[in-house]
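Hi,

Here is the structure I promised to pass on. Have a look at it first, then read my notes below.

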Amino acid sequence: MNGEAPAKASDDAAFVEVLRFLHREAALLDGRDYAAWLGLLTGDIRYVVTARVSRPAEQGPLDYAIVDEDADTLGLRVRQISDPKLTWAENPATLTRRFVSNLEVEDAGAPNHHVAHSNLLVYRQRGTAPDGDFYAGRRRDVLRRVDGSLRIADRLVRLDHNVLFDGSLSVIL
Amino acid sequence: MDDVRHTARGESWVDAAAGTVSREAFVSDDVFRLELDRIFHRLWIFLAHDSEIPSPGDYVVRSMGSVPVLVVRGSDGELRVLLNSCRHRGTKLCRGEAGNARHFVCPYHGWSYALDGRLITTSYDGHLPPEMDKADWGLVPVPRLETYRGLVFAAWDPGVPALSDYLGDIAWYLDTLFWRSPQGMEVLAPPHRWRVRANWKIGALNFIGDSQHVRTTHAGPITLDRVRSEKDGFYVTGGDSFQVVTDRGHGCTLTYLAPGMKEENYLTHPPALGAAYAETLGADQLAMLHHLRVFVGNVFPNFSFIESQVALGEKAVIVRQWQPLGGTEMEVLSWVLAEREADDGYKQRALRHGFHNFGAAGVFEQDDLEIWASATQASDNPIAQRYPYSFHSSLPFDRSPCEQGRWPGTTYRPSNTEVAQFAFMRRWQAAMGSPDRA
Ligand code: FES
Ligand SMILES: [Fe+2]
């Protein structure tokens, strides 16, 4: 979904449950509690981050993946940035603060399955750099209830970036 | 140009006898401006792969040093490289990075150009004096444009040698990556692009042959690699490994399986494509590829390539343009390629695995970039610049090449010295010192 409203909005109970879930998740990532964060994923997670090709508006948006992970490769990525002995990009750790907003939850027709669209703004500060940077984008999450609690089964982060700044993306969005 | 030259402090930044290079070369904006004049606005610069613009009207916007250019496929199917700046008052014809056009219309006053750059109309042709010939006012074409194995290169100096002469012996190695199947390679997605506050030469040096950084910089992905472990000798340089230096400062590093490494863990090339390679490559090139684990190199000045099988499955071919933005910043463009003959599933895996390792969020890339930026930052001050960079571990080796005649270029062992890096720096110094040294 890129701008258009969800086909059918969820009821308030689902909306609140998803909002609570995304806020909790953001707190875990900002707190670098990656072990707990991995617990929020389904075993068949797909995690994709895209950037945008700048081209004539008549030709429509064109996104391309800069991250495309399954559970296995996402696990490798997270282990690398969570172990101080295995990362230079995240040691000293970058500081992040995530803002999740503009949530729209689709009624996916099943109580154990939600499709959530949210805006994401991540402030990130590296080392002793005097100023921080921002990643901005819109996420589409497919959330599934597993053993009574919501898990992320599919995440697509469409970044509003063309040329990325300051080296490599080394945090989870 | 002499005024620019004299503002750069060193006449010579590279001390060939001592094995050192002034740090000024890696931070100074004066050096950068001289590089634009002597290197980027003169020599052959890699711009694109022809599979990025397959149809008439397709274009991408790229840079040659500080010069923005359109790489466009004309209605006649021919590639052209044109200055992306209106002949009237300079406006960019294309303000994005890619697209398809029937012609280029300037958004300012409406001058309109054909895909081949010809000026069609100024919108006010009736106001033009008779002595203004529209044929002289087309988009500026780059004087030299050649494609090698799908790789598009252009040069602003009309006097540069033919591209095949410029590439020389490195072409044989490029063939083993970019022409190893009858249909050749294709780009699998638009390039990743990112800026990093590091000098462009650090990227070129890292790719021409910096085996020494792998264990320290990339401790993360190496430790997490489950199949190809340190115990298996994977990260020990195999005895067959070697470095190549060719004329004009090109070079590459070939790292082979070490003895005792379990071959089945190192699917060197997809079996389905093996037959295709035999159709295209010579026996000596096939022998070169056999058991090759990491293949990385640089074409002077700023075109790099790597094929590596690290951490994950498919061997992805990745190419780079290190685009200088100043003494202390560059933009990196990074593409993933595969053989056109490969099936879609293979291409998707190669793409995913390729940028999982090397790209805007690569698990190898992120640690390289952090370190390159810190090297640039810590050298960007006059005190640090009293102390040159060390390339000493080239000196004991660069007078004693090995196996002359077996492989093109000049070859050296072991593969984890700084021979190729220092050859790049000597070539860079020669190009900076004399505008005639194409
Ligand atoms: S600047 Fe292009 S038409 Fe005037
Ligand atoms: Fe590296």
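Below is what I found, starting with the iron site and then moving to a sheet.

First, some ground rules: this is a predicted model, where local features need pLDDT of at least 70 and side-chain atom pairs count only at pLDDT 80 or more, while totals for chains, interfaces and linings use all residues. Residues are numbered from 1 along each chain as its sequence is written, chains are lettered from A and ligands numbered from 1 in the order written, and side-chain values use heavy atoms, without hydrogens and water.

So, what holds the iron ion (ligand 2)? B:His213 (NE2), B:His218 (NE2) and B:Asp368, through two OD entries, coordinate the ion at 2.1 to 2.4 Å. (Donors are N, O and S atoms within 2.8 Å of the metal, or 3.2 Å for Na, K and Ca; water is not among the atoms, so sites may look incomplete.) Along the chain, the donors follow the spacing H-x4-H-x149-D. B:His218 lies in the loop between α6 (214–217) and α7 (219–224) of chain B, and B:Asp368 in helix α11 (365–379), 150 residues apart. Helices here are DSSP runs of H or I with at least four residues, and strands are runs of E with at least two, numbered from the N terminus.

B:His218 counts as buried because its relative accessibility is 2%, and B:Asp368 is buried too, at 4%. (Buried means under 20% relative accessible area, exposed over 50%, partly exposed in between, with a 1.4 Å probe and protein chains only.)

Now the sheet: in chain B, three strands form an open, antiparallel one in the order β3-β12-β11. Its edge strands are β3 (45–49) and β11 (144–148), each pairing on one side only. (Two strands pair if DSSP finds at least two bridges between them.)

Cheers
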